[in-house]
Amino acid sequence: MDKGPFVCTGCALLCDDIAVELQDNRVTRVDTACRKGVSRMKGCVSPMPCTVDGKTVDENVAIREAARILKEARHPLVFGHGNSTLEAQQKAIELARKLGAHIDDTSSFCQGPLVEAILNNKIPTCTLDEVRHMADVIIFWGADPSHSHPRHLSMYSYFPRGKQRQRGWEEDRTAIIIDVRKSDTAVICGDKLYEIPVGADPDFMNALLNALSNKVPKTPFNMDPKRILELANILKKAEFGVVFAGLGMVYSLDSLDPLFSLMDKLNETSKFHLIPMVGQYNMRGFDHTLFRETGHINRVYFRGEEIEHGPQQSVIELISNDIIDAAMIIGSDPLASLPGPIAKKLAKIPLITIDPCENLTSRRSKVTIPSALSGVECDGTAIRMDGVEVVLKQIIETNKLTDEKIIARIMEEI
Amino acid sequence: MGFGQFLTEPEFKFIIVTHRDIFQNTAQESSRFSEQYAELSSVIRLDKDDMKKIGVKAGDSVIVKNASGRVVLKAESSILEQPHPGTAFMINGPWANALVAADTGGTGVPAFKNIEAVLSRSKEEKVTSLDELV
Amino acid sequence: MSNLMGIYQLLPKTNCKKCGKATCMAFAVDLLARKISIEDCPPLKEEKYLSGYEKLKELITPADNVTETGFLVHEDKCIGCGNCVVACPVNVVGDPEGTGSGRAPSNDKVILYIRDGIVRPVNIHECRRFGHNKTLCYACIDTCPTKAIEFV
């Protein structure tokens, strides 16, 4: 067995310096991972059973039934993907193509717009390793990494010594946070918290744009213009700046135009990059894979030879408008994460869940197929929040099939 | 109690902002059905002055509803230094999601972090359970 | 959590020098660092300062389960983010390629590391708050997002 270090799949930071101790083929001790990562790597207490209509069956039966449901559906949806390896995502896209299905992932109501802008070269980006070695001005915007990506600041963005940042965070780096509240991350940023009202991100971007253009920065919420000018000055002097964009920012922007303008302006005087704070460990991987195959990162309908794409193909609109009549969910729990009224609708159609653990969706599914937990029970590759490919290693043995294998077997049955 | 008990409880308008929490996330990794996950996800944190105005104490049940749904939550006081009247905070999860509208104006992106709802005191009701939600 | 101004406010603030320090503020600084004890301030036991004495006794009393430097982790609050591990100057000097660069420890010279999602102290006598040349280092406290570390 591989001695490690291993990769944690608790979030899209994909920390690759994890050590473990095993007992009876279980992970019993985890070194260097954060609290959440440890919980992921030690495994859940409610593993998913293999069932059809609530009755325990063997894998072959469940796989055949899943294939039957998908084949008979007129508008099947293949959804999830953020917790699967690139290899499994590739297979899921293949399956959707073969079925003439709708395919979407969690980026549809998450970081999708930013990943898309980056893949279309509309926003300059960089890697986390570059951030560690070079970044001197770091902005957390609508993000609270202490809770979402706990090792973000210690591993890459603020505290580590880097090649060009040898003297430590107090002297070498400035961390700024823009948020609607003083989060736990904001506590660390001290007086560099810019507290704005809910949804005021475009207004603040606009004010910052004015300040960077030496105009008086006015905001509808009357933030002291002096403070905004101070911030603009820090940003102008940055050698290597990076904006970590969280969902707080993404959800506040009806259009990305204010962000594009701000990034352009920042890059007139200094170098600024943006990295989306992707949540699930391989959500960005799915977006890359689908983009390569179809030119779209999500929300795709394989209609015969045609590809349809757009908001009407989003998981939310598809369910809301009663389009889909069956769904296969891989490594996701939409009944927990979608708006209540949408979740209730989804629960009424035949569902197939593929996941290592039981969740709300699996308990309402016609077919449940347990899968190996990636990075622990199986290997594979994934794409980190900054677009870098990371190789996952297997730590323990399992009889469970991988997502990839399950999807491949379903395809064979179809 | 007298006359008061026959009156409906007054309703107060709030904007609910959702956010992540590592302790809830850790509980979820262990089990979506764990008690800790349910406890942390079903709390609504209110401004201290708002709590006085409404007449709720930390630990009281409150009814929070809008056109999308209705949930009974546990009210707790804000842990933020700055006052935030009219804004309440919740950890994201099925309880908060019950209040998120299906209508996205055609964008496909629901307003997860900017939920309008009304809140009122609850006399006897228990906090909504996970089973009641889905 | 005890802080300097909080402690100072509870002292007589007369700068009587009976403790051997020039000012009550200097006394507060040393008290916070546990270099001296509240018993070293004779006027504190006078009746008019007694309430301050009682409060300080609660504030300064060393708790159980703490290391010799008074390093205490509130395990229920720690999220295992490793900010303290990476910011700790002893770790940076002893393990520049590992913890100092944000990664897992690469040798046994570290005094803080993360195990099972919680920070653990080891070789704590190497902490800057320990020994003859001790200094009041705040690196692990200031960088903690959840205020999980305390020196008591």
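The following exchange concerns the cysteines and one domain division of a predicted model.

Modeller: This is a predicted model, in which local features need pLDDT of at least 70 and side-chain atom pairs count only at pLDDT 80 or more, while totals for chains, interfaces and linings use all residues. Residues are numbered from 1 along each chain as its sequence is written, chains are lettered from A and ligands numbered from 1 in the order in which they are written, and side-chain values use heavy atoms, with hydrogens and water left out.

Biologist: Why is the pair Cys44(A) and Cys357(A) called a disulfide?

Modeller: A disulfide is a pair of cysteine sulfur atoms within 2.5 Å. The S to S value for Cys44(A) and Cys357(A) is 2.1 Å, so the pair qualifies. A search of the whole structure finds one disulfide over all chains. The link is left-handed, with -100° about the S-S bond.

Biologist: Why is Cys15(A) not bonded to Cys11(A)?

Modeller: Cys11(A) holds the closest cysteine sulfur to that of Cys15(A), but at 6.1 Å it is too far for a bond.

Biologist: What makes Cys15(A) buried or exposed?

Modeller: Buried means under 20% relative accessible area, exposed over 50%, and partly exposed in between (1.4 Å probe, protein chains only). Cys15(A) has 7%, and is therefore buried. Cys44(A) and Cys357(A) are buried as well.

Biologist: Why does Cys144(C) form no bond with Cys81(C)?

Modeller: The sulfur of Cys144(C) lies 6.2 Å from that of Cys81(C), its closest cysteine sulfur, which is too far. With a relative accessible area of 9%, Cys144(C) is also buried.

Biologist: How is chain C divided into domains?

Modeller: An automatic or database domain assignment supplies the bounds: domain 1 of chain C covers 4-60 and domain 2 covers 71-151. Their C-alpha centres lie 29 Å apart.
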